[in-house]
Amino acid sequence: SKSIINNSVSKNPTDVLFTFRNVVSGILYYIPFSSGYFHTFQSKKCFIICLLLLVMGVGSVSGQITTLNTWTSVYHNTANLSAAYTVPTGSNVRRLLVVAIASSQTATGNARTVTITYGGQTLTSVAGDMGTSTVRQHTQLYYLNEAGLDAASNSTLVVNFSGGTVRINDVYAAVFDNVNQTTPITDSQNYSSGTTSVRTFAFVTPLTVNANDQAVEIISSLYSGSTTPRTINSYATNWSSGTTEQTWTTDGVRNAVAKRSISTTNTTDASSTTLSGTALASMTGMSIKEAPKYFQSIANGNWNTTTTWQQSYDNSTWVAATSTPTSADNTVIIESGNTVTVTTSVTVDKVMVNAGGQITVNTGQTLTIANAASTDMTVNGTLVNSGTITTTGTFAFQSGSTYNHAQNSGTI
């Protein structure tokens with residue numbers, strides 16, 4: 001490298017090779033510059049900006065589910081909807097369009113029927129109470145995955161309502177990226193107060209929200225016989241309003257959507273919500289599942305520590321890990337020079353230990369090798385077992401690999 005002194009660089013007929021590493025992704029960059037290029041303060045500023053762009057990244061490559069379109073109210077009226085709605089490009093392979101609908105009636109006795117398409121593609125519904133005829137307040141969530149978005153012939157969102165006499169229809173939409181396309185939804189739940197007015201309500205069966213899931217919900221309250229809608233005094237812990245709440249002054253209706261902060265551990269959430277007073281209530285929620293990831297080790301460390309890993313959704317663009325590998329993920333590689341230690345029992349598959357790499361299973365911990373379509377663990381390096389290793393899948397030790405049974409008992 002060459003030193004920049006007094007707004008100039010030393011003259012040399014050879015090129016300069018600047019080498020630096022992105023501290024977030026760990027990617028090493030080699031950037032050639034011809035000698036004498038930075039002779040002025042202005043050009044040095046350009047150089048610094050170029051370095052910053054590369055260090056920080058041009059554009060963002062997220063390591064978790066991201067929001068391409070935040071919740072937007074796309075319809076608030078008493079008829080049907082047909083309107084343009086733009087889905088951003090994002091990854092263009094892992095997107096999910098989510099539509100939330102709240103629809104209330106003037107009286108009970110008729111189920112609400114909703115048909116919803118985007119570009120001619122029908123959305124899939126999850127748990128909700130739109131089809132319940134004994135209530136006036138209804139909520140439902142719908143989604144369309146990447147295959148449906150790719151097959152859409154246009155960007156028109158169409159929602160048709162029928163059944164009973166409508167009080168108000170609200171339609172909200174959002175788009176998420178880095179979503180599992182095979183199984184987009186981890187869980188969905190619905191709560192309905194029926195014909196009983198309540199102030200505080202929650203899912204009877206809590207919503208399952210696994211690590212890295214993005215949970216969303218829609219809430220509807222109907223203050224029968226009043227022209228003043230109840231307010232939402234408090235959303236549940238970890239939940240926040242997704243957009244402006246919509247109201248209707250006949251029967252005091254308030255509809256809203258919300259989004260949960262992304263959890264780093266598996267959990268359940270009843271989403272206890274409190275109104276300013278009693279009202280008829282309905283709430284539907286679902287947890288959106290993150291796309292499976294590829295992992296590669298970048299340092300010595302514990303298996304369940306994110307700093308041990310980099311992750312990628314496409315096995316090409318790598319970023320700092322936001323989670324650690326499990327059997328739900330794609331290929332996991334232990335790179336040469338890295339020792340990854342199992343300090344907490346874990347289930348994995350599609351693991352490759354490269355020559356010079358090592359996995360150590362600590363005493364009292366279990367490494368479970370699950371069964372996938374291909375070889376579930378291939379060892380070209382070293383496997384040290386001070387705990388327990390169980391497998392229902394295929395385990396392969398290649399020529400030159402080492403198995404170290406570092407205990408006086410146990411099973412080989």
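A residue is taken as buried when its relative accessible area is under 20%. By that criterion, 45% of the 412 residues of the protein are buried in this predicted model. The fold comprises 2 helices and 38 strands. Contacts between residues at least 6 apart in sequence were examined for their span. Of these, 65% join residues at least 24 apart. The protein exposes about 18,000 Å². Carbon and sulfur atoms supply 49% of that area.

One open sheet contains 4 strands, in the order β6-β12-β8-β9. Its pairing is antiparallel. The edges are taken by β6 (81–84) and β9. Each of these has a single partner strand, so one side of each is left without a neighbour in the sheet.

Strand β8 spans residues 113–118. Antiparallel pairing with β12 (residues 156–162) is made through 6 bridges. Within this pair, isoleucine 116 stands opposite valine 159 of β12. Tyrosine 118 has leucine 157 of β12 as its bridge partner. Strand β8 also pairs with β9 (residues 121–122), again in the antiparallel sense, over 2 bridges. Here threonine 117 is the bridge partner of threonine 122 in β9. The hairpin of β8 and β9 has 2 residues between the strands. Glycine 119 in this hairpin takes a positive phi near 60°.

The two faces of β8 differ in cover. Val114, Ile116 and Tyr118 form the covered face. Thr113, Thr115 and Thr117 form the uncovered one. In a regular strand, side chains alternate between the two faces of the sheet.

Two residues of the covered face, Ile116 and Tyr118, recur in the largest nonpolar core. This core has 22 residues. The members that touch the most others are Leu97, Val99, Ile101, Ile116, Tyr118 and Val159. At least two core residues come from each of β7 (96–105), β8, β11 (137–145), β12 and β13 (166–177). Valine 99 illustrates the packing. Not counting residues up to four places away in sequence, valine 99 touches Ile116, Leu123, Gln140, Leu141, Tyr142, Leu157, Val171, Tyr172 and Ala173. A second, separate core holds 20 residues, including Val332, Ile334, Val342 and Val353.

A further open sheet consists of 3 strands, ordered β30-β33-β36, with parallel pairing. The edge strands are β30 (346–348) and β36 (388–391), each pairing on one side only. Neighbouring strands of this sheet are turned by 20° against each other on average, direction ignored. The parallel pair β30 and β33 is joined by 3 bridges. Valine 348 stands opposite isoleucine 369 in β33.

Glutamine 365 lies in the loop between β32 (358–361) and β33 (366–369). The relative accessible area of glutamine 365 is 19%. This residue counts as buried because the cut-off is under 20%. A polar atom of the glutamine 365 side chain lies 3.4 Å from the backbone oxygen of threonine 343. Beyond neighbours within four places in sequence, the contacts of glutamine 365 are Val342, Thr343, Thr344, Ser345, Gly387 and Thr388. Val342 in this list is also a member of the second core. Thr388 falls in the edge strand β36 (388–391).

Glutamate 290 is a second polar residue under cover in a loop. The loop in question runs between β23 (273–288) and β24 (294–297). The relative accessibility of glutamate 290 is 9%, so this residue counts as buried. Two side-chain partners were identified. Glutamate 290 makes a polar contact of 2.6 Å with the side chain of tyrosine 313. Another polar contact, of 3.2 Å, joins the side chains of glutamate 290 and lysine 293. Leaving aside neighbours within four places in sequence, glutamate 290 is in contact with Gly63, Gln64, Ile65, Asn178, Val179, Asn180, Asn212, Asp213 and Tyr313. Tyr313 thus appears both in this contact list and as a polar partner. Threonine 183 is 107 residues from glutamate 290 in sequence. In space, the two are 9.2 Å apart, C-alpha to C-alpha.

Definitions and conventions:
Residues are numbered from 1 along each chain as its sequence is written. This is a predicted model: local features need pLDDT of at least 70, side-chain atom pairs count only at pLDDT 80 or more; totals for chains, interfaces and linings use all residues. Side-chain values use heavy atoms; hydrogens and water are left out. Buried means under 20% relative accessible area, exposed over 50%, partly exposed in between (1.4 Å probe, protein chains only). A polar contact is a pair of N or O atoms within 3.5 Å; within protein, one must be able to donate a hydrogen and the other to accept it, and residues adjacent in sequence count only if both atoms are side-chain atoms. Contact means heavy atoms within 4.5 Å. Two strands pair if DSSP finds at least two bridges between them. Accessible areas come from the Shrake-Rupley method with a 1.4 Å probe; for residues, only the protein chains shown count as cover. Axes are lines fitted to C-alpha atoms, for helices over the stretch in contact, and angles run from 0 to 180 degrees between N-to-C directions. A nonpolar core is a set of buried Ala, Val, Leu, Ile, Met, Phe, Trp, Tyr and Cys residues joined through side-chain atoms within 4.5 Å.
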